[in-house]
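Here is a friendly walk through one protein model, with the overall fold and a handful of residues as stopping points. Keep the viewer open as you read.

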Amino acid sequence: MTTIGIWRFAERLPPIREEWRQTLGEGSTPLIRLRGTRIWAKVEAMNPTSSFKDRGIAYLISKVAEEGVKRVVIDSSGNAAVSTSAYCARAGIKLVAVMPGYSHAEKKTQVLWHGAEVLEVADRETARIYARRISKELGVRYIGVALEPAAVPGFQTTSYELKDELDAEAIFVPTGSGTNLVAITRGYREMEKSGEVGHIPEIHCVQSAACAPISGEFTEYKPIKSILAEGVIVPVSERKDEAVKAIRSTGGNGWVVDDDDVYHALELLALNGIYASPTGAVGVAGALKAKHKGDIVCIVTDSGLKSNLMPEDFKKRINSIPDDEALERFTAGLG
């Protein structure tokens, strides 16, 4: 029996036959307290493809494999395409990934290494439209993580883990389509109903000021032109209504952060040993803005290796040491 990855929670998940279950060892990610705060980082960057998407995709591709599907098409800003390409490779399923031009090259490289085809288009909304067009015209199964019911169960495993790790008062979730936020809430509702938890943490949505259709239901904000946190730039979400309901019903809120907020969160995480992508740091940025006083969890959705961001001031901090004399000057300055 498969008992690794999300399948250690198999009894909680909708059944899939053993022979079709796909796993790369996803889940069981660390929960790390940030020094001097009551913020706990759930480091989803430690998943196999360095993203939280592995949880949902592990279950989704298992379901697709059980259905006998041989080729799928996905639209994604990056992480979902990377994860889907890896699990499709594992399952022997062919993939076409439609991605916006601004997606990081590191993500496209991973997708290509896993043997998928990449179509590069103008933006996120065009990717969504073209992927669905390919599905309809060619009869290829469309994988819409923001739409697919089978994407949700795998993401719920985050809440099952958190239940055993920390009695959190609030959870801050970087949000694009809202699928992860909805899934975490569903997981807690299940456990509340069964008596496994006494309360559901406040669920907080955090989005970039570049695109905040869900958080915008809770707060006014001034839109900015930015692709820094490209993973949460999702203009249309079929799960928006459920996400808004989840936030309100748990006493949470919607937060909108700008690029300065994200850089501050990236620095805080990095100085605690956690190398996150800008998208991955969005939850921490929201928590810092909210100034919540209790123990809170921030979902760090993906790794800094996905973007390898190099701020301009970092380049000035690289010390050029061409000879022994330069080395001596440097070491003298350290003293």
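Is Asp-75 buried or exposed? With a relative accessible area of 8%, Asp-75 is buried, because the cut-off for that label is under 20%. Please keep in mind throughout that this is a predicted model.

**Around Asp-75**

Asp-75 belongs to strand S3, which covers residues 71-75. Its side chain has two polar partners to look for. One is the side chain of Arg-124, joined to that of Asp-75 by a polar contact of 2.7 Å. The other is the side chain of Tyr-142, where the polar contact with the Asp-75 side chain is 2.4 Å. Leaving out residues up to four places away in sequence, Asp-75 touches Val-98, Arg-124, Ala-127, Arg-128, Ala-131, Tyr-142 and Ile-143.

**The whole chain**

Now zoom out. The protein chain has 11 helices and 10 strands. Its radius of gyration is 20 Å, close to the 20 Å that the globule rule gives for 335 residues, so the chain is as compact as a globular protein of that length. Measured out along the principal axes, the C-alpha trace spans about 65 × 45 × 45 Å.

Of the 335 residues, 56% are buried. If you count contacts with a separation of 6 or more, 69% of them are between residues 24 or more positions apart. The chain exposes about 15200 Å², and carbon and sulfur atoms supply 52% of that area. As for charge, there are 41 positive and 44 negative charges, and their mean positions are 4 Å apart.

**Helix H5 and its cover**

Helix H5 takes in residues 152-165, and 11 of its 14 residues are buried, so the helix is largely enclosed by the rest of the structure. Among the buried ones are Val-152, Phe-155, Tyr-160, Glu-161 and Leu-162. Which elements cover them? They include strands S1 (31-33), S2 (39-43), S7 and S10 (296-300), together with helices H1 (53-66) and H6.

Several residues help you find your way around this region. Lys-53 sits in helix H1 and is buried, with a relative accessible area of 17%. Setting aside residues up to four places away in sequence, Lys-53 touches Phe-155 as well as Asn-79, Ala-80 and Ser-83. The C-alpha atoms of Lys-53 and Ser-135 are separated by 22 Å, with their positions 82 residues apart along the chain.

Leu-166 lies in the loop between H5 and S7. Its relative accessible area is 16%, and Leu-166 is buried. Beyond residues up to four places away in sequence, Leu-166 touches Leu-31, Trp-40, Asp-295 and Val-297. Leu-166 and Ile-296 are 130 residues apart in sequence, yet their C-alpha atoms are 9.0 Å apart in space.

Ser-177 is in the loop between strand S7 (170-174) and helix H6 (179-193). Its relative accessibility is 16%, and Ser-177 counts as buried. The Ser-177 side chain makes a polar contact of 3.1 Å with the side chain of Thr-179. Residues up to four places away in sequence aside, Ser-177 touches Ala-146, Ile-214, Val-234, Ser-237 and Arg-239.

**Loops and backbone angles**

Where is Gly-251? Gly-251 is in the loop between helix H7 (240-249) and strand S9 (254-257). Its C-alpha atom is separated by 5.3 Å from that of Glu-202, 49 residues away along the chain.

Two other residues have backbone angles worth a look. Ser-28, in the segment before S1, has a positive phi of about 55° although it is not a glycine. Lys-291, in the loop between helix H9 (282-290) and S10, also is not a glycine and has a positive phi, near 55°.

**Accessibility at a glance**

For quick reference, here are the residues visited above with their relative accessibility.

| Residue | Relative accessibility | Class |
|---|---|---|
| Asp-75 | 8% | buried |
| Leu-166 | 16% | buried |
| Ser-177 | 16% | buried |
| Lys-53 | 17% | buried |
| Gly-251 | 46% | partly exposed |
| Lys-291 | 65% | exposed |

Terms used: Residues are numbered from 1 along each chain as its sequence is written. This is a predicted model: local features need pLDDT of at least 70, side-chain atom pairs count only at pLDDT 80 or more; totals for chains, interfaces and linings use all residues. Side-chain values use heavy atoms; hydrogens and water are left out. Helices (H or I, at least four residues) and strands (E, at least two) are DSSP runs, numbered from the N terminus. The radius of gyration is taken over C-alpha atoms; the globule rule is 2.2 Å times the number of residues to the power 0.38. Buried means under 20% relative accessible area, exposed over 50%, partly exposed in between (1.4 Å probe, protein chains only). Contact means heavy atoms within 4.5 Å. Accessible areas come from the Shrake-Rupley method with a 1.4 Å probe; for residues, only the protein chains shown count as cover. Lys and Arg count as positive and Asp and Glu as negative; His and the chain ends are not counted. The place of a charge is taken as NZ of Lys, CZ of Arg, CG of Asp or CD of Glu. A polar contact is a pair of N or O atoms within 3.5 Å; within protein, one must be able to donate a hydrogen and the other to accept it, and residues adjacent in sequence count only if both atoms are side-chain atoms.
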